[in-house]
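Here is a short, friendly tour of a protein model. Have the sequence and the structure open beside the text as you read along.

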Amino acid sequence: MAAAPTAAGAAQPQPPVYPPPVTKLTVNPPTIRLGETFTLKGTGFAPNERVDHRVAISALPQAAPAHGTARRSDGTTVALANVSYAQAQPQPAPLEFTVTADGAGNFTVTYRPNRPGRYTFTATGETSDRVATATGTVLPPKPHRPPHKDENLPVTGSSLSTPMKLGGGMAGAGVVLLLLSLAWRRRGRLGMGSR
């Protein structure tokens, strides 16, 4: 019996065990078009620590290639291929960069991709070794489409104006010729009556 109170007295209350903070990385918006920007937000890192980022890019699933054939009027076929024009390419987006978390272990940074694909961002705290990943998708730019008939179109003239002008000119010329022929006949009749 004497041992029971000693064992009870030896058990000291322990401080509560707190779970480690949840380290999280988000990409907003998760899907963008080429030319737009992702916003990366990280939480749960150590206060004021440097957070290294690595970016892995994988290709998007592709539709069938746009190559084909066209038949000429003589029955032969010709291969069709996409034509592209060389343009100045923007600087490649970095595949590694570092940001510093604030006093609460959070950060916000923007990232502008320069090619379509699936982007996987991995953030690693340099001192805490905490890791978080997030994924974003970059779609090709929207294709240019011709305007619909309901949209404001430039006024280029009526499709009837040329035929109307041509027809009016011909009718006017006909009236002039008719009047000239009548005058010629009348003159001819008057000339016969004087003999």
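A residue counts as buried here when its relative accessible area is under 20%, as exposed when that value is over 50%, and as partly exposed in between. With that cut-off, 17% of the 195 residues of the protein chain are buried. Please keep in mind that this is a predicted model.

## The chain as a whole

The protein chain holds 2 helices and 10 strands. Read from the N terminus, the order of elements is α-β-β-β-β-β-β-β-β-β-β-α, so a helix comes at each end of that series, with the strands between them. Among contacts between residues at least 6 apart in sequence, 64% join residues that are at least 24 apart. The accessible surface of the chain is about 15,500 Å², and carbon and sulfur atoms account for 59% of that surface.

## Two open sheets

Strands of a sheet pair through backbone hydrogen bonds, either parallel or antiparallel. Both senses of pairing come up below.

One open sheet is built from 3 strands in the order β1-β3-β8, with antiparallel pairing. Strands β1 and β8 (107-111) stand at its edges with a single partner strand each, so one side of each has no neighbour in the sheet. From one strand to the next, the twist averages 20 degrees. Strand β1 is joined to β3 (residues 38-43) by 5 bridges, and the two run antiparallel. Looking into this pairing, you will find that Leu25 has Gly42 in β3 as its bridge partner.

The other open sheet has 5 strands in the order β2-β10-β9-β4-β7, and its pairing is mixed. Its edge strands are β2 (31-33) and β7, each of which pairs on one side only. Neighbouring strands in this sheet are turned against each other by 30 degrees on average, direction ignored. Strands β2 and β10 pair in the parallel sense, over 3 bridges. Arg33 stands opposite Leu139 in β10.

## Salt bridges

Side chains of opposite charge can pair when their charged atoms come close. How many salt bridges does the structure hold? There are 2 of them, listed here with the distance between N and O atoms.

| Salt bridge | N to O distance |
|---|---|
| Arg50 and Glu126 | 3.4 Å |
| Glu96 and Arg54 | 2.5 Å |

Arg50 forms its salt bridge with Glu126. Arg50 lies in strand β4 (residues 50-58), while Glu126 sits in the loop between β9 (117-125) and β10 (131-139), so the pair ties together parts that are 76 residues apart in sequence. Arg50 is partly exposed, at a relative accessible area of 44%, and Glu126 is partly exposed too, at 37%.

The side chains of Glu96 and Arg54 also meet in a salt bridge. Glu96 belongs to strand β7 (residues 96-100) and Arg54 to strand β4, so this pair links parts that lie 42 residues apart in sequence. Are these two residues buried or exposed? Both Glu96 and Arg54 are exposed.

## Three residues to look at

Thr23 is a good place to start. Thr23 lies in the loop between α1 (3-10) and β1 (24-28), and its side chain reaches the backbone oxygen of Gly44 at 3.1 Å. Beyond its neighbours within four places in sequence, Thr23 is in contact with Thr43, Gly44, Phe45, Arg130, Val131 and Ala132.

Next comes Ala101, in the loop between β7 and β8. Its relative accessibility is 3%, so Ala101 counts as buried. Ala101 and Pro47 are 54 residues apart in sequence, yet their C-alpha atoms are 6.2 Å apart in space. Setting aside neighbours within four places in sequence, the contacts of Ala101 are Ala46, Asn48, Glu49, Val51, Asn106 and Phe107.

Finally, turn to Thr137, which is found in strand β10. Where does Thr137 fall, buried or exposed? Thr137 is buried, because its relative accessible area is 14% and the cut-off for buried is under 20%. The side chains of Thr137 and Arg118 are joined by a polar contact of 3.5 Å. Not counting residues up to four places away in sequence, Thr137 touches Pro30, Thr31, Ile32, Phe38, Leu60, Gly117 and Arg118.

Note on methods:
Residues are numbered from 1 along each chain as its sequence is written. This is a predicted model: local features need pLDDT of at least 70, side-chain atom pairs count only at pLDDT 80 or more; totals for chains, interfaces and linings use all residues. Side-chain values use heavy atoms; hydrogens and water are left out. Helices (H or I, at least four residues) and strands (E, at least two) are DSSP runs, numbered from the N terminus. Buried means under 20% relative accessible area, exposed over 50%, partly exposed in between (1.4 Å probe, protein chains only). Contact means heavy atoms within 4.5 Å. Accessible areas come from the Shrake-Rupley method with a 1.4 Å probe; for residues, only the protein chains shown count as cover. A polar contact is a pair of N or O atoms within 3.5 Å; within protein, one must be able to donate a hydrogen and the other to accept it, and residues adjacent in sequence count only if both atoms are side-chain atoms. A salt bridge is a side-chain nitrogen of Lys or Arg within 4 Å of a carboxyl oxygen of Asp or Glu. Two strands pair if DSSP finds at least two bridges between them. Axes are lines fitted to C-alpha atoms, for helices over the stretch in contact, and angles run from 0 to 180 degrees between N-to-C directions.
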